[in-house]
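Here's a quick, friendly tour for anyone meeting this structure for the first time. Have a look at it, then read on.

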Amino acid sequence: MTQTITVIRGDGIGPEIMDATLHVLDSMNLGLSYEFADAGIVALEKHGELLPAATMESIRRTRIALKSPLTTPVGEGFSSINVELRKRFDLYANVRPAKSFPNTKSRFASGVDLVTVRENTEGAYIGEGQSVSEDGETAMLTQKVTRRGSERIVRYAFELARRTGRKKVTVVHKANILKSTSGLFLKTARLVAQEYPDIECNEMIVDNCCMQLVMRPEQFDVIVTTNLFGDIISDLCAGLVGGLGLAPGANIGSDAAIFEAVHGTAPDIAGQGKANPCALLLAAAQMLDHLGKCEEAERLRRAIVQTLEEKDSLTPDLGGTGNTMSFAQAIARRV
Ligand code: ATP
């Protein structure tokens, strides 16, 4: 059966890494068909809006999008198209795996294999109730955490652990200081954890978690946390294993899921064939897992690892002399 996905080629290096990713997916004969849709600067130029209704309809229809990075110009109505997409589709779970890869410039070339599950719809990150006093001396922000929001993200983390054979969930919080918001998150997490006796659960205060991640990242398996902490921790984890060029992310809701590279549009190297397509390829592997094509997802990951190991056609950020498409072709040969 053919599975249709929405493909957003994006801005900056977006089209280059998407073409490379689709080249690899096509070589795998997965029965995928693509519905191309615009967002970002490209959409603004073509259709006069950053997030056209046709793009929203396509995602609503296919329920799955593979998305390249987008530029959100200042003063166009959104603070971020990505945040807007998360809001409109209620994509409550941001899932960011971080795994050691061979031949990457990283502090941990082995031993790291963790997933950060970040609540995506609540908390300070949403910027609710932002105001600055008239004299400019005081700024305010509301931080809202709900039992429902906490419960569904913690449940998602435990279900992910169970489904993927992971053994431990670490609940990261700051309930000792933020007694109301982080306190509610922690209390809810403890109740959900009781329903998963097969998965070990521990708790960690966010500042200690950052230190532990840098010193002994191998102790972590699944991390679940609130929005702003998750934003910071997931980039920290990407930094442990070779930076944003290798960091994929998924935004998952009940009705739709969007898979993306974590990095931005990299305007400094756009159009030069220098962009590393790995992050988007790894996001595509997450998408295949989500579609139940877990074996194919693993095949894709193995091909990426093998290509890195054999240093075949790597892009300049990985110390190679290849380009975006030759790197993708090297992966496609191994997949
Ligand atoms: P944006 O405003 O869209 O976030 P940015 O340049 O501020 O763009 P990134 O796009 O994340 O932020 O880029 C940060 C740095 O990392 C840049 O020097 C960029 O060239 C590099 N970079 C990002 N993604 C890649 C990639 N896939 N391959 C190679 N280098 C990359």
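## Around the ligand

Let's start with the ligand's neighbours, meaning residues with a heavy atom within 4 Å of it. They are Ile13, His263, Gly264, Thr265, Ala266, Pro267, Asp268, Ile269, Ala275, Asn276 and Asp317. Sorted by class, that shell holds five nonpolar, four polar and two charged residues; here Ala, Val, Leu, Ile, Met, Phe, Trp, Tyr, Cys and Pro count as nonpolar, Asp, Glu, Lys and Arg as charged, and the others, Gly among them, as polar.

Keep in mind that this is a predicted model, where local features need pLDDT of at least 70 and side-chain atom pairs pLDDT 80 or more, while totals for chains, interfaces and linings use all residues. Residues are numbered from 1 along each chain as its sequence is written, and side-chain values use heavy atoms, leaving out hydrogens and water.

## Who touches the ligand

Which ligand atom does histidine 263 meet? A polar atom of its side chain sits 3.1 Å from a ligand nitrogen. Glycine 264 joins in with a polar backbone atom 2.8 Å from a ligand oxygen, and asparagine 276 puts a backbone N or O atom 2.9 Å from a nitrogen of the ligand. The ligand on its own has 610 Å² of accessible area (Shrake-Rupley method, 1.4 Å probe), and the protein covers 58% of that.

## Helix α11

Now for helix α11, residues 324–334, where Thr324, Ser326, Phe327, Ala328, Ala330, Ile331 and Ala332 are buried, that is, under 20% relative accessible area with a 1.4 Å probe and protein chains only. Their cover includes α1 (14–27), α9 (278–290) and α10 (294–309). Where this helix starts, a side-chain oxygen of asparagine 323 comes within 3.1 Å of the backbone nitrogen of methionine 325.

## Serine 80

Serine 80 belongs to the loop between β3 (64–67) and α4 (81–88). Is this serine buried or exposed? Serine 80 counts as buried because its relative accessible area is 18%. Its side chain has a polar atom 3.2 Å from the backbone nitrogen of asparagine 82, and also reaches the backbone nitrogen of valine 83 at 3.1 Å.

## The whole chain

Stepping back, the protein chain has 11 helices and 12 strands. Of its 335 residues, 53% are buried. The C-alpha trace spans about 50 × 45 × 40 Å along its principal axes. The chain's accessible surface is about 14,900 Å², with 50% of it belonging to carbon and sulfur atoms.

Notes:
Polar contact = N/O pair within 3.5 Å; in protein donor to acceptor, adjacent residues only side chain to side chain. Buried < 20%, exposed > 50% of the residue type's maximum accessible area, 1.4 Å probe, protein only. Helix = DSSP H or I, 4+ residues; strand = E, 2+ residues; numbered from the N terminus. Contact = heavy atoms within 4.5 Å.
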